[in-house]
Amino acid sequence: MRATTIHAPRDIRVSEVPDPTITAPTDAIIKVTAGCICGSDLWPYRGENPITEGATIGHECVGVVEEVGSEVRSFKPGDFVVVPFCHSDNICAHCQHGAHSVCTNLGMTVSGQAEYALATQAEGSLVKLDEMPDASMVPSLLALSDVMPTGWHAAVCAGVPEGGTVVVVGDGAVGLCGVLAASVMGAEKVIVMSRHEPRQKIATAFGATHVVAARGKEGAAAVKEITGGVGADAVLECVGTDDAMGTAFAVARPGSMVGFVGVPHGVQLPVQKMFQKNVGLRGGMAPVRRYLPELLDLVTSGTIEPGLVFDSTLPLDQVADGYRAMDERRAIKVMLDLQA
């Protein structure tokens, strides 16, 4: 099959690799109809994460079931499914506690930017639609494989209160989905920290009531002014850098919670400030399957349209262009049309 592979920093190619095969009774093979590039894919692209030369890359996709293992009974070839980036059996003690992303049988999508992907815990992970979706809905369904549940997880972990004030640190696709999540959860004020006009427009469409373009101490001061000197009731950290985490704690009101979903790189927690302000930290890798049923209902009912974060769509053969566009911040999030 054709698949996106990474060979060195900023060296993305489309290569011929072996098709995935059923090797366990819990497996399913998905013919990918749409995939996308994640902000976390940029870490290895930029050389910030270790690279295995020639490895496939990409973990977000939707598609049609091609083949299933003998223990997969709820899905059959021809079903259109959303594939969570983290695979879970949905029955282990951790899954039952809502922590699907640390399932005892955890698996990961490793070829979401390819013609086929393997789901290792298909029965517990996949979520299907009753029929093939309209093309206009595909971007929002694709967002449910990772980016929307991740933004939602940040809001859940931060304990977004109805009628409260929320600050979202980060204006990438995850941060924008965090804005949407906070708005749906009933926050009265949603402050997004963003310096980029296209992202500010989507944030506003998603429910942001205030935009703060300043960074560092100046940005924190702007938030304090908006909140009457109090700070935010909940903060969503959606970047993963030390500066972003520092900002999150700077704008949090005493006694509040920071929900973090940015993959940490070089983060040093300000434990002294956390202690002094009684501000907590909760988050991590999103348990996508936990949130999928609710989010799918919100998408299919037209209540939310997270697919708006995709501001570029390319065929698989142009995936390297998509990486460059996101790396250079010319695109927020690139969707790959595998049917093009």
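# Notebook: helices, a strand residue and salt bridges

I began with helix H5 and listed its buried residues, which are Val147, Met148, Pro149, Thr150, Gly151, Trp152, His153, Ala154, Ala155, Cys157 and Ala158. I note at the outset that this is a predicted model. By count, 11 of the 12 residues of H5 are buried, and I therefore wrote the helix down as mostly covered, with buried meaning under 20% relative accessible area.

I then asked which elements the buried residues of H5 pack against. I found helix H4 (138-143), helix H6 (173-184), strand S14 (232-237), strand S15 (252-260), S16 and H11. I checked the length of H5 as well: its 12 residues reach 17 Å from the first C-alpha to the last, close to the 16 Å expected at 1.5 Å a residue. After H5 comes Gly159, and I recorded that its phi is positive, near 65 degrees.

Within H5 (residues 147-158) I picked out Thr150. Its relative accessible area is 7%, so I entered Thr150 as buried. Leaving aside residues up to four places away in sequence, I found that Thr150 touches Phe85, Val174, Val261 and Ala286.

I turned next to helix H11 (residues 288-300), whose 13 residues should span 18 Å at 1.5 Å a residue, and I found its end C-alpha atoms 17 Å apart, which agrees. I also noted that H11 bends by about 35 degrees at Glu294. The buried residues that I listed in H11 are Val288, Arg289, Tyr291, Leu292, Leu295, Leu296, Leu298 and Val299. Just after H11, I came upon Gly302 with a positive phi of about 85 degrees.

Met285 sits in the loop between strand S16 (280-283) and H11. Is Met285 buried, partly exposed or exposed? I entered Met285 as partly exposed, because its relative accessibility is 37%. On the surface, I saw that Met285 forms a nonpolar patch with Leu106, Met108 and Val110, and together these residues have about 310 Å² of accessible area.

For strand S1 (residues 2-8), I looked up Ile6, which is buried with a relative accessible area of 5%. Not counting residues up to four places away in sequence, I found that Ile6 touches Asp11, Ile12, Pro44, Tyr45, Ile51, Thr52, Glu53, Gly54, Ala55 and Ile57. I also compared Ile6 with Gln200 and found the two 194 residues apart in sequence and 31 Å apart in space, C-alpha to C-alpha.

I closed with the salt bridges, of which the count comes to 14. One of them joins Lys333 to Glu60, with the closest N and O atoms 3.1 Å apart. I placed Lys333 in the loop between helix H12 (319-327) and strand S18 (334-337) and Glu60 in the loop between strand S4 (55-56) and strand S5 (61-68), so the pair ties together parts that are 273 residues apart in sequence. Both Lys333 and Glu60 are buried.

I found another salt bridge between the side chains of Asp79 and Lys76, at 3.1 Å from N to O, and I entered Asp79 as buried because its relative accessibility is 9%. The side chains of Arg330 and Glu328 also meet in a salt bridge, at 2.7 Å from N to O. Arg330 counts as exposed at 54% relative accessibility, whereas Glu328 counts as partly exposed at 46%. Lastly, I noted that salt bridges sharing partners join Arg2, Glu115 and Asp317 into one network.

Key:
Residues are numbered from 1 along each chain as its sequence is written. This is a predicted model: local features need pLDDT of at least 70, side-chain atom pairs count only at pLDDT 80 or more; totals for chains, interfaces and linings use all residues. Side-chain values use heavy atoms; hydrogens and water are left out. Helices (H or I, at least four residues) and strands (E, at least two) are DSSP runs, numbered from the N terminus. Buried means under 20% relative accessible area, exposed over 50%, partly exposed in between (1.4 Å probe, protein chains only). Contact means heavy atoms within 4.5 Å. The expected span of a helix is 1.5 Å times one less than its number of residues. The bend at a residue is the angle between axes fitted to the seven residues ending there and the seven starting there. Patches are made of residues with over 30% relative accessible area and no salt bridge: like charges are joined within 9 Å, nonpolar side chains (Val, Leu, Ile, Met, Phe, Trp, Tyr) within 5 Å. Accessible areas come from the Shrake-Rupley method with a 1.4 Å probe; for residues, only the protein chains shown count as cover. A salt bridge is a side-chain nitrogen of Lys or Arg within 4 Å of a carboxyl oxygen of Asp or Glu.
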